[in-house]
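Trainee: I've got the model open and I'd like to test the labels against the numbers. Can we go through them together?

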There are 2 protein chains.
Amino acid sequence: MLDVAKLAGVSPMTVSRALRPDTSVGKKTRENIQNAAEELGYVLNTNAANFASHKTGFVAVTIPSINNANFAETLTGLSEGLRNSGLQILLGYTDYSKDEEERLVEQFLQRRPEAVVVTGGSHTERCRRLLKQAGVPVIEMWDEPEDPIDEHIGFSNAAAASLMVDHFVSLGRTKIGFIGGDEMRDTRGLDRRRGFVRRLDELDIDSQRIVSEGPPPVTMREGVTSLTKLLEKWPDTDAVMCVSDLSAFGAISHCIRNNIQVPEQIAIAGFGAYDISEVSNPTITTIDVDAKNIGKYTAALVANRLGYSEPSDLILGKPKLLVRESTTPI
Amino acid sequence: MLDVAKLAGVSPMTVSRALRPDTSVGKKTRENIQNAAEELGYVLNTNAANFASHKTGFVAVTIPSINNANFAETLTGLSEGLRNSGLQILLGYTDYSKDEEERLVEQFLQRRPEAVVVTGGSHTERCRRLLKQAGVPVIEMWDEPEDPIDEHIGFSNAAAASLMVDHFVSLGRTKIGFIGGDEMRDTRGLDRRRGFVRRLDELDIDSQRIVSEGPPPVTMREGVTSLTKLLEKWPDTDAVMCVSDLSAFGAISHCIRNNIQVPEQIAIAGFGAYDISEVSNPTITTIDVDAKNIGKYTAALVANRLGYSEPSDLILGKPKLLVRESTTPI
DNA sequence: TTGAAAGCGTTACCAA
DNA sequence: TTGGTAACGCTTTCAA
């Protein structure tokens, strides 16, 4: 910056101002300086700038997995929503582990982010403490925590699951199964299972037909193997709710390969409104959770809390049931 | 840090050392200091540390899209490979736009990353210049650039595509089509199309049957609409190569809905070895490009170039043809 | 609109 | 093994 100042014949201070928007610098002076900077190939050191101004421009974000279309959509929405404010995302993925989340949060906090965004409302004790002490806005996404750390943008996974139970029941199905992953790690999946069981119990319908296996994320392949097991144990099952559209697709694939009619013999539903739910045959009845808007609204909330924008009164829509062929024959 | 020093009764300098590994501090002194830090809830300011030590610990990474299983796998591999070196990824996605890539690279360079990783070997002139002047290792992934900026970890998309052409021809198919996205933006997709055309021309087979539409990323839905168009224009097409497994799945879905036998009437192949290629019905013949290892090897290369590890002699395998039912009846 | 001085929180470097 | 001093590249603050 000193070199640029010399070349432009001004003080470093003026260079500093000229390189930022919204600063009072003579129009001609600014042009001179920008030319000088370009000529020298000067690139502002944002780290130093942030260090001096006590603002890092970082937003720390943790998600369970990058390789999941729902979270990817949320991240895309978040990223787009934050672009204008000039905030930079520090991204970490937890691999569905709370300990890993704690490790990441601790590491991120050392970078002094201006806000922290985490996925889910369940964390280790230490992680909660770190987040509370951080002194910056904390937003929990994809959940409706009982005891929020600060703010949240999400929905009740349990309530969403009971929508699907009600749908099955309205179709006259009563031997309903659930396919999900390793119950201890994917807390959103676990909440869906809880909602499933609770609603069935309320309706006085058998809620035992559950296959939970494999570490999250639950994949298409696990849909195949889990349905196989479910039908071995409870052959008369007439409906299955899967923890995601991916496993629902795998389950349908199992049926196709074994000449089981979907939905006539067994209705199969997913969760998440992935692309595949629209393109598979049959198309998959699912729950649309508006993943991208979770990211957008989180971005809006962050920008607002940090004073980059006016408060917006956007409210995330409730999860919606999308009925398709896999539960209702055309 | 001053407070911690006071509480522990040592100088700030000793605190600084005690909080880092591989530094010479008395065992007892270190313990005292760590206790003091814990008691005060002190969190190291990594930004300040990096500023003073001229090392940021950042690796800048740009990918076309987060919401793409192949890139997500690469990113996962990269992330895992970098974890031990303590490097932090600055992630940006370009939405398949070179201008956006340039903008991101410029922004990232202001953070003084220790290395830059970009996707593809095609960039704006200015972007190339910025990267060359950056003075840090630059790695281009997912491609085999004619004129690399620095290093690359990738493969020839054109060569990979000709593998598939040869496969079709070996099955006796000669009316072969190609389904891809908007040709100007997805340069890897474009390379695949080039390889497709070149190989057909070499074999003296018609290479006109191409449908390119829609902005990248090419989705399942575009597979449906593109195959519809392809068959309208060239109804006798007996094989189709799709730019990705997702569009291949869409194409197959179109066939199922319209009673077209796959592969008897038309063979359909994809690219990328996505999960769906194994679970769909029929399963999809595809090209496995080892996406995760692209990330892992890139991480190894970065770590090595930055002196965090010994050179490794890992060499990325060539793309492999995976033959499945969508081209070969069981 | 411009400039000068002080300082951000840490580490490098040298000395003890 | 420990401590003192300077310095990192910029912005804040105040003054001109």
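Mentor: Sure. Keep in mind that this is a predicted model. Let's start with the domains: the assignment for chain A gives domain 1 (2–45), domain 2 (57–154 + 291–317) and domain 3 (157–288). The C-alpha centres of domain 1 of chain A and domain 2 of chain A are 36 Å apart.

Trainee: What makes chain A more spread out than a compact globule?

Mentor: First, the inventory: chain A contains 13 helices and eleven strands. For 330 residues the globule rule gives 20 Å, but the radius of gyration of chain A is 25 Å, well over that, so the chain is more spread out than a compact globule. The C-alpha trace of chain A spans about 85 × 40 × 35 Å along its principal axes.

Trainee: And how much of chain A is buried?

Mentor: Buried residues come to 51% of the 330 in chain A. As for contacts in chain A with a separation of 6 or more, 67% of them are between residues 24 or more positions apart.

Trainee: Why is Asn50(A) called buried?

Mentor: The cut-off is 20 or more other C-beta atoms within 10 Å. Asn50(A) has 21, so it counts as buried. Its place is in helix α4 of chain A.

Trainee: Which residues does Asn50(A) touch, leaving aside neighbours within four places in sequence?

Mentor: Asn50(A) is in contact with Lys55(A), Thr56(A), Gly57(A) and, from chain B, Asn47(B). How do we know that Asp22(A) isn't on that list? A contact needs C-beta atoms within 7 Å, and the list for Asn50(A) simply doesn't include Asp22(A). For scale, the C-alpha atoms of Asn50(A) and Asp22(A), 28 residues apart along the chain, are separated by 17 Å.

Trainee: Which residues touch the most other members of the largest nonpolar core?

Mentor: Val59(A) and Val59(B), in a core of 170 residues. Apart from that core lies another, of eight residues, including Val4(A) and Val15(A). Beyond four places in sequence, the contacts of Val59(B) include Leu82(B), Ile89(B), Pro113(B) and Val302(B). Glu114(B) is one of its contacts too.

Trainee: How many residues meet where chain B touches chain A?

Mentor: 42 residues of chain B are in contact with 42 of chain A. On the chain B side, the elements giving two or more residues are α4, α5 (69–83), β2 (88–93), α10 (220–233), α11 (245–257) and α12 (276–279). α5(B) gives the most, six residues. By class, that side has 19 nonpolar, 17 polar and six charged residues.

Trainee: Now the DNA. What makes a residue count as near strand C?

Mentor: Its C-beta atom has to lie within 6 Å of the strand. There are 22 residues around DNA strand C, and Ser24(A), Gly26(A), Met1(B), Ser16(B) and Ala52(B) come nearest. Both chains contribute: α2 (12–18) and α4 (46–53) of chain A, and α2 (12–18) and α4 (46–53) of chain B, each supply at least two residues. The largest share, five residues, is from α4(B).

Trainee: Which helix gives the largest share near DNA strand D?

Mentor: There it's α4(A), with five residues. DNA strand D is surrounded by 22 residues, the closest being Met1(A), Ser16(A), Ala49(A), Ala52(A) and Ser24(B). By class, the surface near DNA strand D has 13 nonpolar, eight polar and one charged residue. The surface near DNA strand C likewise divides into 13 nonpolar, eight polar and one charged.

Technical notes. Residues are numbered from 1 along each chain as its sequence is written. Chains are lettered from A and ligands numbered from 1 in the order in which they are written. This is a predicted model: local features need pLDDT of at least 70, side-chain atom pairs count only at pLDDT 80 or more; totals for chains, interfaces and linings use all residues. Helices (H or I, at least four residues) and strands (E, at least two) are DSSP runs, numbered from the N terminus. Ala, Val, Leu, Ile, Met, Phe, Trp, Tyr, Cys and Pro count as nonpolar, Asp, Glu, Lys and Arg as charged, and the others, Gly among them, as polar. Domain bounds come from an automatic or database domain assignment. Two residues are in contact if their C-beta atoms, placed from the backbone, lie within 7 Å. The radius of gyration is taken over C-alpha atoms; the globule rule is 2.2 Å times the number of residues to the power 0.38. A residue is buried if 20 or more other C-beta atoms lie within 10 Å of its own, exposed if 12 or fewer, and partly exposed in between; C-beta atoms are placed from the backbone. A nonpolar core is a set of buried Ala, Val, Leu, Ile, Met, Phe, Trp, Tyr and Cys residues joined through C-beta atoms within 7 Å.
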